[in-house]
Amino acid sequence: MTRPPLIDVRGVNKTFTVSKRGLFRQPAASTKAVNDVSLTIGKGEILGCVGGSGSGKSTLGRIILRLVEPDSGEVRYGDTDLRALSNEEMRQYRRRLQIVFQDPLQSLNPRRTVAENIARPLLNFGISAAVASRRVDELLDLVGLDPRQSYRYPHEYSGGQCQRIAIARALALEPDFLFLDEPVSALDVSIQAQILNLLADLRKKLDLTFLFVSHDLKIVKQFCDRTMVMYRGCVLETGTSEEVYSDPLHPFTRDFLGTVLHLRKDNRWEQAAERAEDLEGTAAGLAGSGCIYAGNCAERFDPCTRSAPSLTAVAGERRVACFRHGAT
Ligand code: ADP
Ligand code: MG
């Protein structure tokens, strides 16, 4: 990669432990949401992260923004080790790293006007109301909405327009990096394209860097420079989006691509992921200390059940965690 890295994540892990409530005391269940994940995102680059529901995509993004504290690993932003910052230092840094959710109402307050919603982060950082108000107008203009309507409330806008408002809010403090967590998954296909175009324009205009999460490999291929495929907290393969889409190496990616192409519904990947999760019960015994996908894999052979393959370079930046492709 020729671009200098803006985000550099090394070996992060996160396990959630949930104690089950109930009449009978049950053992706490733990989920390894992110399992030894490393990645870099070059300045100005769009990295796509694709995987089924529950594969750890949101947790990974939240770790980068320090909204979730990892159990171990490093998160660097340029030369700065984000995990070493004090709360006040992190508060200042947070301006530069922002998030856009699938559901804009997660970031917008329905009881505040659009102008108040967008101004909130500015006011929180001590910017005067007059300056904030001018900035709100600029931001609305930037995302293609009419600033004269900013006295309206979010519910008066369509889903796509609300996502534009959420993007304006995320841009208020002039960040360098946006974590886009399934920003178009809830929108109609025609609206999806408009929002993706807007994001692509904004990236160029404002020199932004994105981590873009989706369960749709086709969207990731269209929108992202490089793609990483996640399954149960692990990265199974990475490469340019074109490589991963047209020549998937990991059996998981191929299985899912096959399923996606044969099903017509919008939530195809999710359904396929759920089916794979159903198989997990039988898979768990098989996998043991082996490959996380061994239990479902049609190409499984002896090494797969003995140890876990690490993400290994096959050519340049193309990496895969599969013994069938020379992983170690
Ligand atoms: P994705 O975004 O790919 O759907 P997530 O990162 O949201 O996946 O979740 C990964 C796993 O971690 C899931 O099994 C989820 O249930 C679990 N998880 C995520 N957040 C929490 C949390 N705050 N507490 C407990 N478990 C969580
Ligand atoms: Mg998620």
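**Close-up views of a predicted model**

**View 1. Oxygen atoms of ligand 1 meet polar atoms of the protein.** Start with glycine 56: one of its polar backbone atoms sits 3.0 Å from an oxygen atom of ligand 1. Keep in mind that this is a predicted model, so you're looking at computed positions. Glycine 54 joins in through its backbone too, with an N or O atom 2.7 Å from an oxygen atom of the ligand. Serine 58 uses its side chain instead, placing a polar atom 2.8 Å from an oxygen atom of ligand 1. On its own, ligand 1 would expose 560 Å², and the protein buries 61% of that.

**View 2. Here are the residues around ligand 1.** Which elements give two or more residues to this shell? They are strand S1 (5-18), strand S2 (29-42) and helix H1 (57-64). H1 gives the most, with 3 residues. Look around the ligand and you'll find, among others, Phe16, Val18, Thr31, Ala33 and Lys57. Sorted by character, the shell has 3 nonpolar residues, 8 polar ones and 1 charged one.

**View 3. Alanine 132 is tucked into the protein as part of helix H4.** The helix runs over residues 129-142. Is alanine 132 buried or exposed? Its relative accessible area is just 1%, and the cut-off for buried is under 20%, so alanine 132 counts as buried. Setting aside neighbours within four places in sequence, alanine 132 is in contact with Ala119, Leu122, Leu123 and Ile127. You can also check glutamate 116: it is 16 residues from alanine 132 in sequence, and their C-alpha atoms are 9.5 Å apart.

**View 4. Two tyrosines pair up edge-to-face.** A search of the whole structure turns up 7 aromatic pairs. One of them is formed by tyrosine 77 and tyrosine 93, with ring centres 5.5 Å apart and 90 degrees between the planes. Tyrosine 77 belongs to strand S4 (residues 72-77) and tyrosine 93 to helix H2 (residues 87-94), so the pair ties together parts 16 residues apart in sequence. Tyrosine 77 is buried at 4% relative accessible area, and tyrosine 93, at 15%, counts as buried too.

**View 5. Phenylalanine 252 meets tyrosine 293.** The ring centres are 5.3 Å apart and the planes are at 85 degrees, so this pair is edge-to-face. Phenylalanine 252 lies in helix H9 (residues 251-262), while tyrosine 293 lies in the loop between helix H10 (268-287) and helix H11 (302-306), so the pair ties together parts 41 residues apart in sequence. Both residues are buried. Now widen the view a bit: Tyr231, Phe252, Phe256 and Tyr293 form one aromatic cluster.

Conventions
Residues are numbered from 1 along each chain as its sequence is written. Chains are lettered from A and ligands numbered from 1 in the order in which they are written. This is a predicted model: local features need pLDDT of at least 70, side-chain atom pairs count only at pLDDT 80 or more; totals for chains, interfaces and linings use all residues. Side-chain values use heavy atoms; hydrogens and water are left out. A residue is near a molecule or strand if one of its heavy atoms lies within 4 Å of it. A polar contact is a pair of N or O atoms within 3.5 Å; within protein, one must be able to donate a hydrogen and the other to accept it, and residues adjacent in sequence count only if both atoms are side-chain atoms. Accessible areas come from the Shrake-Rupley method with a 1.4 Å probe; for residues, only the protein chains shown count as cover. Helices (H or I, at least four residues) and strands (E, at least two) are DSSP runs, numbered from the N terminus. Ala, Val, Leu, Ile, Met, Phe, Trp, Tyr, Cys and Pro count as nonpolar, Asp, Glu, Lys and Arg as charged, and the others, Gly among them, as polar. Buried means under 20% relative accessible area, exposed over 50%, partly exposed in between (1.4 Å probe, protein chains only). Contact means heavy atoms within 4.5 Å. Rings of Phe, Tyr and Trp (its six-membered ring) pair if their centres lie within 6.5 Å; planes under 30 degrees apart count as stacked, over 60 as edge-to-face and the rest as tilted.
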